[in-house]
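Student: I have a protein model open and would like to learn how its features get their labels. Could we go through it together?

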Amino acid sequence: MDIHTRIAQRLRELRDARGYSLEALAERSGVSRSNISLIERGQSSPTAAVLDKLAIGLGVALASFFDDGIPSSEPPSPMIRADDQPVWQDPASGYVRRRLSPPAPSPLQLVEVVFPAGQRVALDSAVHDADIHQQVWLIEGAMDLTVGEVTWHLQAGDCLAMRLNQPIVFHNPTPQDARYLVALATLPPPPIPTRRNP
C-alpha cells in the first residue's frame with residue numbers, strides 16, 4: 001500500500017474508532033477541518049508537524065499513522081522484509097522515516113530515521129491520553145534534541161530516553177545527515193482502583 005494511502009486510511013480509522021467528527025478532531029488538534037478532509041482523501045501530504053497535532057488530538061503516537069490498519073483474514077506476521085517496511089518523507093524538512101517493526105501487535109515499535117543536515121523539526125508531542133515512552137539511539141552523525149526546556153547534544157552511539165508528554169525539537173546542526181533508531185513503547189493505563197465498602 002502506498003504510504004500516503006496508508007496515512008489517509010489510518011487517520012480515518014483512528015478518527016472513526018473514537019467517534020470524532022471532522023469538526024471535533026479539528027477542534028482537538030488545531031488542524032483545520034478542510035485540511036483533515038484533504039489528508040483523509042489522500043489529496044494532501046501532511047508534514048510531520050501536522051501529523052503530530054493530529055496524533056495529539058487522537059491521543060495516539062505519531063507512529064500510529066504508519067500502522068497496517070484494518071486487519072486481514074490472515075494473522076499478522078511477526079516478521080517484515082526490508083523491502084516491505086513503509087518509508088515516509090516529511091515534505092517540510094525532508095527527513096525520512098522507515099517503520100522497522102512487523103505488523104504483529106506489540107507494545108514496542110522501532111523506527112529508523114535519516115535526518116538531513118541543517119534541518120529542524122518541532123513537535124508538540126504532548127500526548128495526554130496515552131503513556132508513551134521513546135528512546136533515540138544515534139547511529140551516525142550528530143543531533144540536538146530539546147525535550148521540554150533541556151537540550152541534549154547526541155553524537156554517534158549516544159541514546160536518549162524521554163516520555164512523550166512535552167514538546168520535542170529535533171535539530172541537525174551539522175553539514176552531514178544523521179541516522180538514528182527510535183524505540184517507542186506505549187504503556188497500558190493504570191488499573192482503576194476498586195472502591196471497597198466499609
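**How the labels are earned**

Student: What joins strand 2 to strand 3, and how do you know that they count as paired?

Tutor: Keep in mind that this is a predicted model. Strand 2 (residues 96–99) and strand 3 are joined by four bridges and run antiparallel. Pairing asks for at least two bridges, so four bridges are enough. One example is Arg97, whose bridge partner in strand 3 is Val113.

Student: Which partner does strand 3 have in strand 10, residue by residue or overall?

Tutor: Overall, eight bridges link strand 3 with strand 10 (residues 178–187), again in the antiparallel sense. As for single residues, Glu112 has Leu181 in strand 10 as its bridge partner. Strand 10 also pairs with strand 5 (residues 131–140), antiparallel and over nine bridges. There, Ile132 stands opposite Thr186 of strand 10.

Student: What is the order of the strands in the open sheet?

Tutor: The six strands are arranged 1-2-3-10-5-8, with antiparallel pairing. From one strand to the next, the twist averages 20 degrees.

Student: And what makes a strand an edge strand here?

Tutor: Strand 1 and strand 8 (159–163) each pair on one side only, and they are the edge strands.

Student: What are the two faces of strand 3?

Tutor: Gln109, Val111, Val113 and Phe115 make up the covered face of strand 3 (residues 108–115), while Leu108, Leu110, Glu112 and Val114 make up the uncovered one. In a regular strand, side chains alternate between the two faces of the sheet.

Student: Now a helix, please. Which residues of helix 3 are buried, and why are they said to line one face?

Tutor: Ile36, Ser37, Ile39 and Glu40 are buried in helix 3 (residues 33–40). Looking down the helix axis, the buried residues fall within an arc of 160 degrees, so they line one face of helix 3. These buried residues pack against helix 1 (3–18), helix 2 (22–29) and helix 4 (48–58). Just after helix 3 comes Gly42, with a positive phi of about 75 degrees.

Student: Why is Gln85 called buried?

Tutor: Its relative accessibility is 14%, and buried means under 20%, so Gln85 counts as buried. Gln85 sits in the loop between helix 4 and strand 1 (87–89).

Student: How do you know that the side chains of Gln85 and Arg98 make a polar contact?

Tutor: The distance between them is 3.4 Å. The cut-off is within 3.5 Å, so this pair falls inside it. Leaving aside residues up to four places away in sequence, Gln85 touches Ile80, Arg98, Arg99 and Leu100.

Student: How many aromatic pairs does a search of the whole structure find?

Tutor: The search finds four aromatic pairs. One of them is Trp88 with Tyr95, 5.9 Å centre to centre and with 85 degrees between the planes. Centres must lie within 6.5 Å, and planes over 60 degrees apart count as edge-to-face, so this pair is edge-to-face.

Student: Then what makes Tyr95 and Phe115 a stacked pair?

Tutor: Their planes are 15 degrees apart and their centres 5.8 Å. Planes under 30 degrees apart count as stacked, so that label fits. The pair links distant parts of the chain: Tyr95 is in the loop between strand 1 and strand 2, and Phe115 is in strand 3, 20 residues apart. Both Tyr95 and Phe115 are buried, and Trp88 is buried too.

Student: Which residues do the ring pairs link into a cluster?

Tutor: The cluster holds Phe66, Trp88, Tyr95 and Phe115.

Terms used. Residues numbered from 1 in each chain as written. Predicted model: local features only at pLDDT ≥ 70, side-chain atom pairs only at ≥ 80, totals over all residues. Heavy atoms only, no water. Buried < 20%, exposed > 50% of the residue type's maximum accessible area, 1.4 Å probe, protein only. Arc of directions from axis to C-beta. Contact = heavy atoms within 4.5 Å. Polar contact = N/O pair within 3.5 Å; in protein donor to acceptor, adjacent residues only side chain to side chain. Axes fitted to C-alpha atoms, helices over the stretch in contact; angles between N-to-C directions. Phe/Tyr/Trp six-rings, centres within 6.5 Å; stacked < 30°, edge-to-face > 60°.
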